[in-house]
Amino acid sequence: MKDITKIRLVTDCEKFFTEFEDEIKLFRHRVVLDPEGAPFNVTVNFNEEENTVEASVECSVLSEKTYKITEKTEQFSNNISKIAKIKRIAKAAVYKFLSDALGEEAPYGSLTGIRPTKLYHEFVAKGADADGELTRLYVSPSKLALIKEIVDTQRAVYDVAEDEADLFVNIPICTSRCAYCSFISAELGRVSKYVPEYASLLAEEIAAARKMMADTGVRIRCVYVGGGTPTSLPDGEFAKVMEALAGTGCREFTVEAGRPDTITESKLKIMDETGVSRISVNPQSFCDATLERIGRKHTVRDFYEKYELASKFSFDINVDLIAMLPGETVGVFADSVDRAVALAPANLTVHTLALKKGSALKLGNYDNTSESDAAAMVDHAYSAAKRAGYAPYYMYRQKYMSGNLENVGYCLPGKQCVYNVDIMEETATIVACGAGGISKLVDRKAGRVERYADPKGLDVYLARGEEIWRRKEAFFASGGKTAQSDSAVGKSGGRI
């Protein structure tokens with residue numbers, strides 16, 4: 001194993017301090033940030049008269065050379081565009097210095113954001129050379145090709161009408177917590193006493209949201225019920241929420257059934273009768289030993305039984321897999337991919353494990369940094385999916401992912417999940433209901449996205465539901481200019 005060098009970030013550009021740290025963390029198996037480490041100096045200058053950005057990076061313990069980049073920029077229409085451009089150039093300089101000094105490359109180069117495809121769309125909309133821009137950010141040729149393929153597959157569902165918006169419903173409850181999970185979701189056994197009241201209040205908020213949208217002439221484009229695992233709710237409470245969502249006339253209605261141990265024939269009937277068009281049935285792995293290690297409460301046999309049961313209905317089905325789970329070799333993961341593809345679900349989502357704060361794997365110091373294994377796994381998934389007629393249609397990335405890779409959704413022809421494209425490309429306004437939901441007001445013409453976050457705790461949501469809705473309604477009425485979050489309603493976000 002190569003030695004780890006301790007460095008201390010020093011920069012005259014405090015505005016981008018966090019972004020520079022993120023670039024350093026791309027190489028976290030070789031360098032670590034430490035207050036006592038050697039100085040890692042980043043200098044950034046912008047010449048207003050000449051429209052040039054100059055960024056230089058030096059760190060004597062890593063290289064005797066100073067890396068300097070000077071780039072001419074365009075005239076900027078607004079300050080946001082200028083800052084974004086300067087930031088991209090400066091981040092690329094930090095990345096290039098580290099890449100050269102350590103003799104390593106990251107598949108997405110200096111890109112650390114979660115939406116590479118959104119950036120590609122933005123370059124195209126501005127009339128820029130999108131391929132050239134990403135190449136200058138050191139995105140590898142294979143990942144650039146993947147980004148372009150996804151953008152092409154999205155074309156059929158990408159455009160959103162001005163009078164359309166999505167409706168998201170959050171049910172942050174699960175039967176148990178998986179070892180990789182850091183979502184703010186409560187285990188059903190701990191919060192069962194809150195469930196009836198939560199379902200009732202959530203149904204009321206859904207009704208209020210639908211009325212607000214109808215009164216302002218907004219059509220519901222997609223409904224998406226997520227969590228947690230919505231199907232963790234008892235039948236009565238689940239039916240109450242689903243009935244509140246019936247009859248929207250939307251283009252797509254998705255429910256994350258997710259956990260096979262929560263799927264029953266009665267819940268499938270409830271979803272079918274209320275108009276659900278798409279569900280997920282997620283094995284995560286086709287290896288029982290892995291499922292036990294990560295805390296799933298089902299077996300591979302259970303998954304097959306529930307998948308077969310769900311297949312009797314008219315739903316499009318999504319299947320999720322995760323690369324780099326503990327104890328899995330490339331061969332074990334490849335077997336899971338092949339078995340999933342053989343079922344021919346409408347959608348297949350291949351996640352690359354990200355070690356998230358608060359997850360059991362992170363707390364247990366699980367090492368997910370084997371880049372060669374991670375790359376081999378996602379490459380096999382891509383090849384197997386393509387051979388079976390799937391196309392990649394959406395992507396997102398997270399910090400601390402194995403191999404600095406990505407999560408990719410694949411679809412059979414015409415089976416793109418519209419909501420997944422909407423949320424990842426931030427093309428549609430989203431009205432969110434429920435504890436922990438995040439509403440988004442998207443102004444595509446201005447290139448502006450405003451967010452309103454509901455408190456995460458069930459206790460706060462139940463105690464302040466009416467006030468929370470009033471603030472959210474004011475957020476949309478003002479065009480996102482007021483009440484941009486509900487953090488004032490319980491700073492901790494709740495105990496549950």
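Colleague: How many cavities of 30 Å³ or more does the structure hold?

Modeller: There are three of them. Please keep in mind that this is a predicted model. The volume of the largest cavity comes to about 160 Å³.

Colleague: What makes such a space a cavity and not a pocket?

Modeller: In a cavity a 1.4 Å probe fits but cannot get out, whereas a pocket is an open set of points. The largest of these spaces was classed as a cavity, so the probe fits inside it and finds no way out.

Colleague: Which residues lie nearest the centre of the largest cavity?

Modeller: D22, L26, Q398, K399 and Y400 do, out of 13 residues that line it.

Colleague: Let's turn to burial. Why is S56 called buried?

Modeller: The cut-off for buried is under 20% relative accessible area. S56 has a value of 15%, so it counts as buried. The residue lies in strand 4, residues 52-58, and is in contact with N41, V42, T43, T66, Y67 and K68, leaving aside neighbours within four places in sequence.

Colleague: And why is L412 called partly exposed?

Modeller: Its relative accessibility is 21%, which falls between the 20% limit for buried and the 50% limit for exposed, so L412 is partly exposed. L412 lies in the loop between strand 15 (407-411) and helix 15 (418-425). Beyond four places in sequence, L412 is in contact with A344, P345, A346, A388, G389 and Y390. Its C-alpha is 9.3 Å from that of A385, a residue 27 places away in sequence.

Colleague: How do you know that strand 12 is largely enclosed by the rest of the structure?

Modeller: Strand 12 covers residues 316-323, and seven of its eight residues are buried, so the rest of the structure largely encloses it.

Colleague: What makes strand 12 a partner of strand 11 and of strand 13?

Modeller: Two strands pair if there are at least two bridges between them. Three bridges join strand 11 (residues 278-281) to strand 12, and six join strand 12 to strand 13 (residues 347-352). With three and six bridges against a minimum of two, both pairs therefore qualify. Strands 11 and 12 run parallel, and strands 12 and 13 run parallel as well. In strand 12, N318 stands opposite S280, and N318 also stands opposite N347 in strand 13. The chain gets from strand 12 to strand 13 through helix 12 (residues 330-342), in a right-handed β-α-β crossover.

Colleague: Why is T352, in strand 13, called buried?

Modeller: The relative accessibility of T352 is 2%, under the 20% cut-off, so T352 is buried. Not counting residues up to four places away in sequence, T352 touches A323, V378, M401, S402, L405, E406 and N407.

Colleague: What makes a group of residues a nonpolar core?

Modeller: The members are buried nonpolar residues joined through side-chain atoms within 4.5 Å. The largest core here has 108 residues, and L134 and I279 touch the most other members. Helix 7 (residues 195-215) gives the most to this core, with 10 residues. A second, separate core has 28 residues, among them V53, A93, L98 and L102.

Colleague: Which residues is I279 in contact with, leaving aside its neighbours within four places in sequence?

Modeller: I279 is in contact with V255, A257, L268, M271, A310, F315, D316, I317 and N318.

Colleague: What makes the phi of N51 worth a look?

Modeller: Most residues other than glycine have a negative phi. N51 is not a glycine, and its phi is positive, about 55°. N51 is placed in the loop between strand 3 (38-47) and strand 4, and at 9% relative accessibility it is buried. M324, also not a glycine, has a positive phi of about 75°. M324 sits in the loop between strand 12 and helix 12 and is buried, with a relative accessible area of 5%.

Colleague: Which kind of peptide bond joins G227 and G228, cis or trans?

Modeller: The bond is cis, with omega about 20°. Most peptide bonds are trans. G228 is placed in the loop between strand 9 (219-227) and helix 8 (235-244).

Colleague: How do you know that helix 3 is mostly covered?

Modeller: Seven of the 10 residues in helix 3 (residues 116-125) are buried: P116, T117, K118, L119, Y120, H121 and F123. Just after helix 3, G127 takes a positive phi of about 80°.

Key: Residues numbered from 1 in each chain as written. Predicted model: local features only at pLDDT ≥ 70, side-chain atom pairs only at ≥ 80, totals over all residues. Heavy atoms only, no water. Buried < 20%, exposed > 50% of the residue type's maximum accessible area, 1.4 Å probe, protein only. Helix = DSSP H or I, 4+ residues; strand = E, 2+ residues; numbered from the N terminus. Contact = heavy atoms within 4.5 Å. Right-handed = clockwise from strand over helix to strand, strands pointing away. 1 Å grid on protein atoms, 1.4 Å probe; cavity = no way out; pocket = protein on both sides within 12 Å on 5 of 7 lines; lining within 4 Å. Points joined across faces, edges and corners; volume = space filled by probe spheres on them.
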